[in-house]
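Welcome! Here is a short briefing to help you find your way around this structure. Take a look at the display, then read on.

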Amino acid sequence: MRARLRRCSDWRNEGQGDRGQRLCGSGRESHLRRRHGVGEKEFQELLTEQGGVCAVCGGPDPEHVDHDHRTGWVRGILCFNCNGGLGQFRDSPARLARAITYLRGTTWQRVLIHPGVYQMCSPTRGRPPSPRS
């Protein structure tokens, strides 16, 4: 008969949280190792390589490890919104390209018509917003 392995929650439930912490590591360290195979040290090294900003938008203080869902490989450190956005597009470059095409076709664009002179061009698709009542 196999012995049951003890998890951090087992130690915590017995009121020996410090012992579980010592054996299993900190919450964040444990989470990073379990979920992404990197520790806090590797996280900080990757963040330093990125200049301390989100790898997509350049925003300050990103906290989320981005990984390829097929391979599990860590790609970078992202802010909440960029990480969620990539997830919503299912990490698909084709979906992101279609979204970009859609935005360009439905958003007013600044077009250079003469050096230093721009004109706002109307979108090729879309309707004006409905009047509020």
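## The largest pocket and its surroundings

In this predicted model, the largest pocket has a lining of 15 residues, and those nearest its centre are His36, His64, Val65, His67 and Asn83. Two or more lining residues come from each of helix 3 (27-36), strand 1 (64-67) and helix 5 (80-88). The points below start with this pocket, then move to His36, to the helix that holds His36, and on to the chain as a whole.

**The pocket**

- The space in the largest pocket comes to about 230 Å³.
- Helix 3 gives the largest share of the lining, with five residues.
- Sorted by class, the lining of the largest pocket is made up of seven polar, five charged and three nonpolar residues.

**A closer look at His36**

- His36, one of the residues nearest the pocket centre, has its place in helix 3.
- Is His36 buried or exposed? His36 has a relative accessible area of 15%, so this residue is buried, the cut-off being under 20%.
- Which residues does His36 touch, once neighbours within four places in sequence are set aside? The contacts of His36 are with His31, Val65, His67 and Val74.
- Two of these partners, Val65 and His67, are also among the residues nearest the centre of the largest pocket.

**Helix 3 and its partner**

- The buried residues of helix 3 include Ser30 and Leu32, along with His36.
- Just after helix 3 comes Gly37, which has a positive phi near 75°.
- The axis of helix 3 comes within 9 Å of the axis of helix 4 (residues 40-49), and the two cross at roughly 80°.
- This crossing angle falls in the range of 65 to 115 degrees, so helix 3 is roughly perpendicular to helix 4.
- Where the two helices meet, Arg28, Glu29, Leu32 and Arg33 come from helix 3, while Glu40, Glu42 and Phe43 come from helix 4.
- By class, the residues of this contact are five charged and two nonpolar, with no polar ones.
- Leu32 therefore has two roles to notice here: Leu32 is buried in helix 3, and Leu32 is part of the meeting with helix 4.

**Two residues with a positive phi**

- Most residues other than glycine have a negative phi.
- Asp61 is not a glycine, yet its phi is positive, near 55°.
- The loop between helix 4 and strand 1 is where Asp61 sits.
- Asp61 counts as exposed because its relative accessible area is 63%, and the cut-off is over 50%.
- Asp91 also has a positive phi, about 55°, without being a glycine.
- Asp91 lies in the loop between helix 5 and helix 6 (93-106).
- With a relative accessibility of 24%, Asp91 is partly exposed.

**The chain as a whole**

- How many helices and strands does the chain have? There are six helices and four strands in its secondary structure.
- Along the sequence, these elements follow the pattern α-α-α-α-β-β-α-α-β-β.
- The chain has 133 residues, and 20% of them count as buried.
- Among contacts with a separation of 6 or more, 18% are between residues 24 or more positions apart.

Notes: Residues numbered from 1 in each chain as written. Predicted model: local features only at pLDDT ≥ 70, side-chain atom pairs only at ≥ 80, totals over all residues. Heavy atoms only, no water. 1 Å grid on protein atoms, 1.4 Å probe; cavity = no way out; pocket = protein on both sides within 12 Å on 5 of 7 lines; lining within 4 Å. Points joined across faces, edges and corners; volume = space filled by probe spheres on them. Nonpolar A, V, L, I, M, F, W, Y, C, P; charged D, E, K, R; others polar. Buried < 20%, exposed > 50% of the residue type's maximum accessible area, 1.4 Å probe, protein only. Contact = heavy atoms within 4.5 Å. Axes fitted to C-alpha atoms, helices over the stretch in contact; angles between N-to-C directions. Parallel < 35°, antiparallel > 145°, perpendicular 65-115°, else oblique.
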